[in-house]
Each structure stands twice: as structure tokens, then as C-alpha cells.
Amino acid sequence: MNKPVYFNKLVRDKIPEIIIKNGGHPDIKILNNEEYRIALFEKLTEECAEVISAENKEHLTEELADLFEVIHSIVKNQDITFEEIEKVRLSKKEKRGGFDEKIFLISSEKVNLGGTIS
């Protein structure tokens, strides 16, 4: 018997089935709501790192799709709607702008923006 490889992370729903079809024996756990919430945010961090390390457009597109899947799961889990998110996004864009002009802030003597700089 082969030595197990430990992942200890949230995986897509069909991964155990795929492992079995390939002759493996997955050891899984169904998370409770709090464990799931924590695992989603850990997955978000993992997927963000993979987006950052993408080497080309195809790889970037694949990693962004994974990131979107995690975001969809967080939105659903937290009982938020995409309409709510879009409303806030547009409000922030109206008040503070987007990122289209590629402005990189180096420094400022005085900052009082009523929140974070993002």
C-alpha cells in the first residue's frame, strides 16, 4: 500500500470520486458550517496565490475561474447576493474611482480617506 499524501484542505465536490476512479482511497471529512467558513477563506488565500503565480493567459484564466468558484461559495455561504456586492462596488467606484488609470501611490503627507486605501 502506498503512503498517503496529506492535503488537509477544501476540495471540489467531485475530487473524491475522481480519486476513487483512479484507484485511490480518499479519506474525507464533511465540514460543519464554521469549519467550512474557515476552509473557504483558506481556499481563497490559496487561489489568490495561484492567480498571482500564473505564467500565461491560459493559466491565469484557469486560476481566475477557480478563484471565482471560491468567491461564489463564500457569497452563498455568507448569504450575500451578487447584487449587494455590485451595488457596493459601484458606489465605491463612484466615490473613489476604479483602477483603470494605473495610479500607484508612493506617499502622502496627510491621508484621511474615511477608510482604507484600496
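Is K21 buried or exposed? Select K21 to begin: with a relative accessibility of 65%, K21 counts as exposed. The model on screen is a predicted one.

**Stop 1: helix α1**

Keep K21 selected and add E17. The two residues form a salt bridge, and their closest N and O atoms are 3.3 Å apart. Both belong to helix α1, which covers residues 15-21, and they sit four residues apart, about one turn of the helix. E17 has a relative accessible area of 42%, so E17 is partly exposed. Side chains of opposite charge can pair when their charged atoms come close. A search of the whole structure turns up eight salt bridges, and the next two stops show others.

**Stop 2: the start of helix α2**

Select residues 33-52 to show helix α2, then pick out E34 and R37. This pair lies three residues apart, again about one turn of the helix. R37 and E34 form a salt bridge in which the closest N and O atoms are 2.8 Å apart. R37 is partly exposed at 29% relative accessibility, and E34 is partly exposed too, with a relative accessible area of 43%.

**Stop 3: two further sites of charge pairing**

Select K93 and D100. Their salt bridge has its closest N and O atoms 3.7 Å apart. K93 counts as partly exposed, at 36% relative accessibility, while D100 is exposed, with a relative accessible area of 61%.

Now select K9, K43 and E46 together. These three residues are linked in a network of salt bridges.

**Stop 4: E47, a charged residue without a partner**

Move to E47, which is placed in helix α2. Which side chain of opposite charge is nearest to E47? That side chain is K43, 4.1 Å away. E47 has no salt bridge, although E47 is buried. The label rests on a relative accessibility of 5%, so E47 counts as buried because the limit is under 20%.

To see the surroundings of E47, add E63, D66, L67 and V70. E47 is in contact with these four, once its neighbours within four places in sequence are set aside. For a longer view, add Y6. Y6 and E47 are 41 residues apart along the chain, and their C-alpha atoms are separated by 18 Å.

**Stop 5: helix α3**

Select residues 57-77, which make up α3. How many residues does α3 have? There are 21 residues, and at 1.5 Å a residue they should span 30 Å. The end C-alpha atoms of α3 are 30 Å apart, which agrees.

Within α3, colour E63, D66, L67, V70, S73, I74 and V75: these residues are buried. The elements that cover the buried residues of α3 include α2 and α4. Four of the names in this buried set, E63, D66, L67 and V70, were seen at the previous stop as contacts of E47.

Then select L60, also found in helix α3. L60 is partly exposed, with a relative accessible area of 31%. Not counting residues up to four places away in sequence, L60 touches V51 and A54. Add E35 for a distance check: L60 and E35 are 25 residues apart in sequence and 29 Å apart in space, C-alpha to C-alpha.

**Stop 6: a nonpolar patch**

Turn to the surface and select F68, I71, I80, F82 and I85. Together they form a nonpolar patch with about 410 Å² of accessible area. The elements that give two or more residues to the nonpolar patch are α3 and α4. One of the patch residues, I85, lies in helix α4. I85 is partly exposed, with a relative accessible area of 35%.

**Stop 7: helix α4 and its end**

Select residues 82-96 to show α4. Its 15 residues should span 21 Å at 1.5 Å a residue. The end C-alpha atoms of α4 are 20 Å apart, which agrees with that figure. What follows α4? The residue is G97, and its phi is positive, near 90 degrees. The tour ends here.

Notes: Residues numbered from 1 in each chain as written. Predicted model: local features only at pLDDT ≥ 70, side-chain atom pairs only at ≥ 80, totals over all residues. Heavy atoms only, no water. Salt bridge = Lys/Arg side-chain N within 4 Å of Asp/Glu carboxyl O. Buried < 20%, exposed > 50% of the residue type's maximum accessible area, 1.4 Å probe, protein only. Lys, Arg positive; Asp, Glu negative; His and termini not counted. Contact = heavy atoms within 4.5 Å. Patch = residues over 30% accessible without salt bridge, like charges linked within 9 Å, V, L, I, M, F, W, Y side chains within 5 Å. Areas by Shrake-Rupley, 256 points an atom, 1.4 Å probe, with all protein chains shown as cover. Expected span 1.5 Å × (residues − 1).
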